[in-house]
Amino acid sequence: MFSKSKINDPAPQDADASKPAPSSASAAPAPSKQSEFKASAPKAKPPASVLSSDLHVTGNMKTTGDVQVEGTVEGDIRAHLLTIGETATIKGEVVADDVVINGRIVGRVRGLKVRLTSTARVEGDIIHKTIAIESGAHFEGSVQRQDDPLNPGAKSAPAQKPNPAS
């Protein structure tokens, strides 16, 4: 009346599958099982790239990952999450989804979420969607809220359309 399920018994099933056609039957299911496993396995997020305090970079940097800067960068930085350490100095434009500033930036900051901690020193404009400025932070420049601060032409494009019409 009841029969034993073959699903939970992998050894006889593999032996039966390999006997009728060992080269074609065993080779075909193996890649599909591996690809299914790779597709269902979550991708591990890579760690943040760290620029140490003794590193001086001249030039632009661009990544889709996370960056933590402790040294000096003369150039623009574009990243997903950018953390500016207390010992860091950035001379250039910073563009990131999330920007946490503990050090010094001389230049424009663009971010969806911008946070200036109490040790932050910013000389330049901040264009943001949300901003947090802790007590003790030093800031010289203007603050402007935009729905899409990562796209420099986002606000100017709609403003130009009504001008020719009027």
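In this predicted model, Arg-110 is found in strand 10, which covers residues 109–116. The relative accessible area of Arg-110 is 4%, and because buried means under 20%, this arginine counts as buried. What, then, surrounds the residue? Setting aside neighbours within four places in sequence, Arg-110 is in contact with Glu-93, Val-94, Val-95, Ala-96 and Val-99 on the one hand, and with Ile-127, Gln-146, Pro-149, Leu-150, Asn-151 and Pro-152 on the other. One of these partners, Pro-149, also offers a polar atom: its backbone oxygen lies 2.7 Å from a polar atom of the Arg-110 side chain.

It is worth following strand 10 to its partner. Strand 10 and strand 12 (residues 126–133) run parallel and are joined by seven bridges. Within this pairing, Ile-131 of strand 12 stands opposite Val-114. Strand 12 is in turn joined to strand 14 by three bridges, again with the two strands running parallel. Here Ile-127 has Gln-144 of strand 14 as its bridge partner. Ile-127 also appears among the residues in contact with Arg-110.

Thr-130, likewise found in strand 12, offers a second viewpoint. Its relative accessible area is 42%, and since partly exposed describes values between 20% and 50%, Thr-130 is classed as partly exposed. Not counting residues up to four places away in sequence, Thr-130 touches Leu-112, Lys-113 and Val-114. Val-114 is also the residue that stands opposite Ile-131. Thr-130 and Gln-146 are 16 residues apart along the chain, and their C-alpha atoms are separated by 8.8 Å; Gln-146 is, in addition, among the contacts of Arg-110.

Turning to the surface, Ile-131, Ile-133 and Val-143 form a nonpolar patch, with about 220 Å² of accessible area together. Val-143 belongs to strand 14, which spans residues 143–145. With a relative accessible area of 41%, Val-143 is partly exposed.

Finally, a view of the chain as a whole helps to place these details. The chain holds five helices and 14 strands. Of its 166 residues, 26% count as buried; Arg-110 is itself buried. The accessible surface of the chain comes to about 10800 Å², and carbon and sulfur atoms account for 55% of this area. Among contacts between residues at least 6 apart in sequence, 6% join residues at least 24 apart.

Key. Residues are numbered from 1 along each chain as its sequence is written. This is a predicted model: local features need pLDDT of at least 70, side-chain atom pairs count only at pLDDT 80 or more; totals for chains, interfaces and linings use all residues. Side-chain values use heavy atoms; hydrogens and water are left out. Helices (H or I, at least four residues) and strands (E, at least two) are DSSP runs, numbered from the N terminus. Buried means under 20% relative accessible area, exposed over 50%, partly exposed in between (1.4 Å probe, protein chains only). A polar contact is a pair of N or O atoms within 3.5 Å; within protein, one must be able to donate a hydrogen and the other to accept it, and residues adjacent in sequence count only if both atoms are side-chain atoms. Contact means heavy atoms within 4.5 Å. Patches are made of residues with over 30% relative accessible area and no salt bridge: like charges are joined within 9 Å, nonpolar side chains (Val, Leu, Ile, Met, Phe, Trp, Tyr) within 5 Å. Accessible areas come from the Shrake-Rupley method with a 1.4 Å probe; for residues, only the protein chains shown count as cover. A salt bridge is a side-chain nitrogen of Lys or Arg within 4 Å of a carboxyl oxygen of Asp or Glu. Two strands pair if DSSP finds at least two bridges between them.
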